[in-house]
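Here's a quick tour for anyone meeting this structure for the first time. Have a look around, and then we'll go through a few of its parts.

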Amino acid sequence: MESWTDFCSRSLVDKIVHYLTECTYENFTAFKVNNRNLAVNGEFYFINNFNAWKRFVFEQLLSKSGDWPIRIQRCSLQKEKICVYLNRMDVIPNIIKTAISCDNTFGRIIANDKVFNLRYQSDTKSDLTTQRLRLIRSIIAKVMDLHGYRISDEDCNDKYIFTSRSKGSIEDGYERYVCGVVKNIQSNTKEIHATWEQCIKDRMDYLNNNYHYMFNCEENEDNVEKYLILCDMAHAIIIFDLISVAPRQPVVIEYNICKSSTYIRNTKGASFVLYNTARIARIIAKYNMMVLCGEFPPLPNIDDVDFSQLQQEEEWELIYNFIFGYPQMLQNCLRYKPNFQIYPQVICTFLSELCQKFSSYYGKTKILMGGSVHLAPKMFARLYMLQALQVVLSNALSILDIKPVSQM
């Protein structure tokens, strides 16, 4: 395989659609990607009234896919849908190896010549709105870089400025991209008093008072490590609050949450994502320590691992939706044809769903399995899957300017 871009959902979709219709996926809406209940509904499906399908039989498509990096295992007719099921062993070992080998470049597309100039315009009345605009600009610049575009301050055809003002002057040559302001939850008007630093301190106090049991640090007032963890978590919570809502929509922020009777912890938010990121890191670190102690055999070379051991449906859902699906998620963050549109909130949703799925999987599955030689192949396969998930989590958090915490 010349490039990992040949081994992704978009490439496979393009091949199927072109084979059936000789048109491109962008111009075709009857083909859908599925990400739930994969064992029953398949990874893709067609609408049953798809006329072009009638010209072909299932066997022809299965035969044609024999030349593709990812083959189609079978097709089935279910009421209004024709479901397509992939050969999972074409996907599992290859995407895990690709994610681990590419590491922080996983998901990056080969650079092209298109240049964008991105700026943000400060909101003179609201520090939190300004910080939201800054974050949106930073995140979109990183996503564009992964798309292969070049971000520059030079003059070019595509110049955009993120602003909270629908009217008023902007720099010459820039197209205005209006974003929603940050609102105060009590007044439902623009938040003009609370600052970024005050909200960070507010979240740190709340975490320290309510979730002190989550930190594996010794209790003392001068604990630098605990302070840094609290600071990183508070930053993550604010970033999630500001970015998880579509950019053009306003965001409602609650301040002074330690004294609030209405503040509800978001179990799908940053704390939950960081907790599960730290959980994966702990599992891998524990395994490495037990190898040093002689309790576990060392991890074999990835090419010698039997990935057919990953038979659980939740393992396939983790791999298909969040490792195999990571590059497509990056593509879904941005559209510049026919109009420039951005969707950074997609990253927050992706991270939340990944961690919900992993938390469910971890609650049912023992990953570190000692005491029996015949269990080692399954443990090795699962550890490499966790390493690939760790790459995805680290990369996605980096786009959001969030640091993974070392322990929780």
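Which residue takes a positive phi in the hairpin of E3 and E4?

## A hairpin to start with

It's Lys79, with a phi near 55°. Just two residues sit between the strands of this hairpin. On either side of them, strand E3 (residues 72-78) and strand E4 (residues 81-86) run antiparallel and pair over six bridges. For one rung to look for, find Leu77: its bridge partner in E4 is Ile82.

## The whole chain

Let's step back for a moment. What you're looking at is a predicted model. The chain has 408 residues, and 50% of them are buried. Its secondary structure comes to 12 helices and 12 strands.

How do the contacts spread along the sequence? Take the contacts with a separation of 6 or more: 73% of them join residues 24 or more positions apart.

## A four-stranded sheet and its helix

Next up is an open sheet of four strands with parallel pairing, and reading across it you meet E6, E5, E7 and E8 in that order. Strand E6 (150-151) and strand E8 (175-178) are at the edges, and each has a single partner strand, so one side of each has no neighbour in the sheet. The partnership of strand E7 (residues 158-163) with E8 is parallel and takes in four bridges. Within that stretch, Thr163 lies opposite Val178 of E8.

This sheet also has a helix packed on it: H5 (residues 127-146), which touches strand E5 (115-120) as well as E6 and E7. Compare directions and you'll find that H5 makes about 165° with E5.

## Two helices crossing

Two packed helices are described by the angle between their axes and the distance between the axes. Here's a pair to try that on: helix H6 (residues 196-210) and helix H7 (residues 224-243) have axes that come within 8 Å and cross at roughly 120°. That angle makes H6 oblique to H7. The crossing itself is right-handed.

Which residues do the touching? On the H6 side they are Trp196, Cys199, Ile200, Arg203, Met204, Leu207 and Asn208. They meet a set of residues in H7 that includes Lys226, Tyr227, Leu230, Met233, Ile237 and Asp241. Sorted by class, this contact between H6 and H7 has 14 nonpolar residues, along with two polar and three charged ones.

Definitions and conventions: Residues are numbered from 1 along each chain as its sequence is written. This is a predicted model: local features need pLDDT of at least 70, side-chain atom pairs count only at pLDDT 80 or more; totals for chains, interfaces and linings use all residues. Side-chain values use heavy atoms; hydrogens and water are left out. Axes are lines fitted to C-alpha atoms, for helices over the stretch in contact, and angles run from 0 to 180 degrees between N-to-C directions. Angles under 35 degrees count as roughly parallel, over 145 as roughly antiparallel, 65 to 115 as roughly perpendicular and the rest as oblique. A crossing is left-handed if the near helix is turned anticlockwise from the far one by less than a right angle, and right-handed if clockwise. Contact means heavy atoms within 4.5 Å. Ala, Val, Leu, Ile, Met, Phe, Trp, Tyr, Cys and Pro count as nonpolar, Asp, Glu, Lys and Arg as charged, and the others, Gly among them, as polar. Two strands pair if DSSP finds at least two bridges between them. Buried means under 20% relative accessible area, exposed over 50%, partly exposed in between (1.4 Å probe, protein chains only).
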